[in-house]
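Here is a set of questions on one protein model and its ligand. Look at the structure, then work through them in order.

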Amino acid sequence: MKVLTAVKRVVDYNVKVRVKSDQSGVDIGNVKMSMNPFDEIATEAAVRLKEAGKASEVVAVSCGGAQSQETLRTALAIGADRGVLVETDAELQPLAVAKLLKAVVDKEQPQLVILGKQAIDDDAGQVGQLLAALLDWPQATFASEIEIGEGAAVVTREVDGGLEVISLRLPAIVTTDLRLNEPRYVTLPNIMKAKKKPLDTLRPADLGVDPAPRLKTLKVVEPPVRKAGVIVPDVAALVEKLKSEAKVI
Ligand code: AMP
């Protein structure tokens, strides 16, 4: 069984981004970039399936600028066998990414595609669901456990108020939640090995996809600055304040 994982290059989760002065977006010049954390979990899940003998090959796919190669190399260092870069400098919105991934899926014919539940830069949380719709494949979002059986996957999903276990026929789409696994630490020998693994580059035109944005960002602004809190001397003062000052927002 071939497994495909989708990995996005995003601003590292430790970086505090700043809004550009012209409000056109956030400034990502000179900031640390990393693989989207949920995609590390996706790649780890795929590699564990391979190690367990359930998957025969793990292919990592990234869409974006040439530097997304670094993200693919990280996926290869985690243990993916091959990387595919869909290279474009166009601004990629979730629908465009889903169309590009669909074209790669049509070419690669995987039985399982594992994506992150969301990319932490735009927090869209859409690509997995859009891809499932475009392919007309079953989907299990927010997975905290994946088990592969004969022609089917049993996925435990994190839902409001608990867990839901569903069975999906393969091929299928799964998106990862935080509790699915803890990705391994990427070691130097594996980083060196990853440099020798195959990495193909395609362009959206090779896949017959026009990635042009459909949505226009009007402006991006900083969130309002929070007012300083007040330290109350004791519980009685707190209760008094709750009675006299607290408002339901
Ligand atoms: P989003 O819907 O943008 O929050 O992204 C959800 C998931 O889709 C991510 O965790 C990735 O697995 C995948 N994804 C989003 N954008 C890209 C991209 N440019 N290249 C590869 N995978 C992506």
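The questions below concern a predicted model, and they go from the ligand to the sheet, the helices and the backbone.

Q: Which strand gives the most to the shell around the ligand?
A: Two strands, β4 (57–64) and β6 (112–116), each supply at least two residues of the shell. β4 supplies 3 residues. The strand that gives the most is β4.

Q: Which residues come nearest to the ligand?
A: The shell holds 17 residues. They divide into 9 nonpolar, 6 polar and 2 charged. Those that come nearest are Asp39, Ala119, Gly125, Gln126 and Val127.

Q: How far from an oxygen atom of the ligand does a polar side-chain atom of Asp39 lie?
A: Asn36 places a polar side-chain atom 3.0 Å from an oxygen atom of the ligand. Gly125 uses a backbone N or O atom, 2.7 Å from a ligand oxygen. For the polar side-chain atom of Asp39, the distance is 2.5 Å.

Q: How much of the accessible area that the ligand has on its own does the protein cover?
A: Polar contacts to ligand oxygen come from side-chain atoms of Asn36 and Asp39, and from the backbone of Gly125. On its own, the ligand has 480 Å² of accessible area. The part covered by the protein is 98%.

Q: Which strands are the edge strands of the open sheet?
A: The sheet has 9 strands with mixed pairing. Their order is β9-β8-β7-β10-β6-β1-β4-β5-β11. Neighbouring strands are turned by 30° against each other on average, direction ignored. An edge strand pairs on one side only, and these two are β9 (162–169) and β11 (199–202).

Q: Which residue in β5 is the bridge partner of Val61?
A: β4 and β5 (residues 82–87) run parallel. They are joined by 6 bridges. One of them starts at Val61, and its partner in β5 is Val84.

Q: At what angle to β4 does helix α3 run?
A: Helix α3 covers residues 94–108. It lies across β1 (2–6), β4, β5, β6 and β11. Its angle to β4 is about 150°.

Q: At what angle to β10 does helix α4 run?
A: Helix α4 covers residues 127–135. This helix lies across β6, β7 (139–149) and β10 (172–176). Its angle to β10 is about 175°.

Q: Is the peptide bond from Leu170 to Pro171 cis or trans?
A: Pro171 lies in the loop between β9 and β10. Most peptide bonds are trans. Omega from Leu170 to Pro171 is near 5°, and the bond is cis.

Q: What is the phi of Asp123?
A: Asp123 sits in the loop between β6 and α4. Most residues other than glycine have a negative phi. Asp123 has a positive value, near 50°.

Q: How far apart in space are Ser244 and Asn14, C-alpha to C-alpha?
A: Ser244 belongs to helix α6 (residues 235–244). A polar atom of its side chain lies 2.9 Å from the backbone oxygen of Glu240. In sequence, Ser244 and Asn14 are 230 residues apart. In space, C-alpha to C-alpha, they are separated by 39 Å.

Definitions and conventions
Residues numbered from 1 in each chain as written. Predicted model: local features only at pLDDT ≥ 70, side-chain atom pairs only at ≥ 80, totals over all residues. Heavy atoms only, no water. Near = heavy atom within 4 Å. Polar contact = N/O pair within 3.5 Å; in protein donor to acceptor, adjacent residues only side chain to side chain. Areas by Shrake-Rupley, 256 points an atom, 1.4 Å probe, with all protein chains shown as cover. Helix = DSSP H or I, 4+ residues; strand = E, 2+ residues; numbered from the N terminus. Nonpolar A, V, L, I, M, F, W, Y, C, P; charged D, E, K, R; others polar. Pairing = 2+ DSSP bridges. Axes fitted to C-alpha atoms, helices over the stretch in contact; angles between N-to-C directions. Contact = heavy atoms within 4.5 Å.
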